[in-house]
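User: I would like to go through this model at the level of single residues and strands. Please reason through each point before you give the value or name.

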Amino acid sequence: MATNQTPPPARFELADAAFDIAPLRARLLDDRAGAYASFEGWVRDHNEGRPVGGLHYEAYAALALAEGRRIVEDAAARFAITGVHCVHRTGELAIGDLAVWVGVSAGHRGAAFDACRFVIDEVKARVPIWKRERYLDGDRQWLHPETGAAAGAPGGDTEEDR
């Protein structure tokens, strides 16, 4: 991207309810764009061999928004893109629900794909959002979203969480 141009739009949001990606995608339309790439992360019905009934995402909102914005702004600076937007859900989600969406527009597909992958990987690694899976056997467990491994839960586990 030329240094005399303004940076492309870079947005990060948290959503506490289901959202429609069509208007988000429409915001990325740009006459300079010849490509669009997106990622959708959905709630699946299993993890590490255990049947999952749903999950709950909890975020430290102020920090999550700040870090998420840094990530999309970094993507806008690193890649030759015309726009980037990421939305991550919080709250209770059912199997099949959309949990996270990333959209990127660019002049060419390579930059769109690369920036999209960068954003989702960085969001999973850096944004303080915790996932608590509900298993069909009644058990619940907080997981770090990147690895799927058990991690420290917000506020710590209680007897009810075990």
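User: Where is the place of Glu48?

Analyst: The model is a predicted one, and the place of Glu48 is described by the strands on either side. These are β3, residues 46-47, and β4, residues 50-59. Glu48 is therefore assigned to the loop between β3 and β4.

User: Is Glu48 buried or exposed, and what is its phi?

Analyst: The relative accessibility of Glu48 is 62%, and because exposed means over 50%, Glu48 counts as exposed. Most residues other than glycine have a negative phi. Glu48 is not a glycine, yet its phi is positive, at about 45°.

User: How many aromatic pairs are counted, and is the pair of Phe79 and Phe118 stacked, edge-to-face or tilted?

Analyst: The count comes to one aromatic pair. The ring centres of Phe79 and Phe118 lie 5.6 Å apart, and their planes meet at 55°, which is neither under 30 degrees, as stacking needs, nor over 60, as edge-to-face needs, so the pair is tilted.

User: Which parts of the chain does this pair link, and are Phe79 and Phe118 buried or exposed?

Analyst: Phe79 lies in the loop between α2 (61-78) and β5 (81-89), while Phe118 belongs to helix α3 (residues 109-126), so that the pair links distant parts of the chain, 39 residues apart. Because buried means under 20% relative accessible area, Phe79 at 18% falls in that class. Phe118, at 11% relative accessibility, likewise counts as buried.

User: What covers the buried residues of α3, and what does α3 reach from its first C-alpha to its last?

Analyst: Among the buried residues of α3 are Ala111, Ala115, Cys116, Phe118, Val119 and Lys124. What covers the buried residues of this helix includes β1 (10-15), β2 (35-42), β4, α2, β5 and β7 (98-106). With 18 residues, α3 would be expected to span 26 Å at 1.5 Å a residue, and close to that value it reaches 25 Å.

User: How many residues of β7 are buried, and which strands pair with β7 in the antiparallel sense?

Analyst: Nine of the nine residues of β7 are buried, so this strand is largely enclosed by the rest of the structure. β2 pairs with β7 in the antiparallel sense over eight bridges, and Ala35 stands opposite Ala106 in β7. β5 also pairs with β7 in the antiparallel sense, over seven bridges, and the bridge partner of His85 in β7 is Gly103. The strands asked for are β2 and β5.

User: Is Lys131 buried or exposed, and which residues is it in contact with beyond its neighbours within four places in sequence?

Analyst: Lys131 is in strand β8, residues 129-135. Its relative accessible area is 9%, and because this is under 20%, Lys131 is buried. Leaving aside neighbours within four places in sequence, the contacts of Lys131 are Leu55, His56, Tyr57, Gln141, Trp142 and Leu143.

User: How far apart in space are Trp130 and His56?

Analyst: Trp130 is also found in strand β8, and at a relative accessible area of 24% Trp130 is partly exposed. Although Trp130 and His56 are 74 residues apart in sequence, their C-alpha to C-alpha distance is 8.1 Å.

User: Over which rings do the charged ends of Arg25 and Arg50 sit?

Analyst: The charged end of Arg25 is placed 5.0 Å from the centre of the ring over which it sits, that of Tyr36. For Arg50 the corresponding distance is 3.7 Å, and the ring is that of Tyr135.

Definitions and conventions: Residues numbered from 1 in each chain as written. Predicted model: local features only at pLDDT ≥ 70, side-chain atom pairs only at ≥ 80, totals over all residues. Heavy atoms only, no water. Helix = DSSP H or I, 4+ residues; strand = E, 2+ residues; numbered from the N terminus. Buried < 20%, exposed > 50% of the residue type's maximum accessible area, 1.4 Å probe, protein only. Phe/Tyr/Trp six-rings, centres within 6.5 Å; stacked < 30°, edge-to-face > 60°. Lys NZ or Arg CZ within 6 Å of the ring centre and 35° of its normal. Contact = heavy atoms within 4.5 Å. Expected span 1.5 Å × (residues − 1). Pairing = 2+ DSSP bridges.
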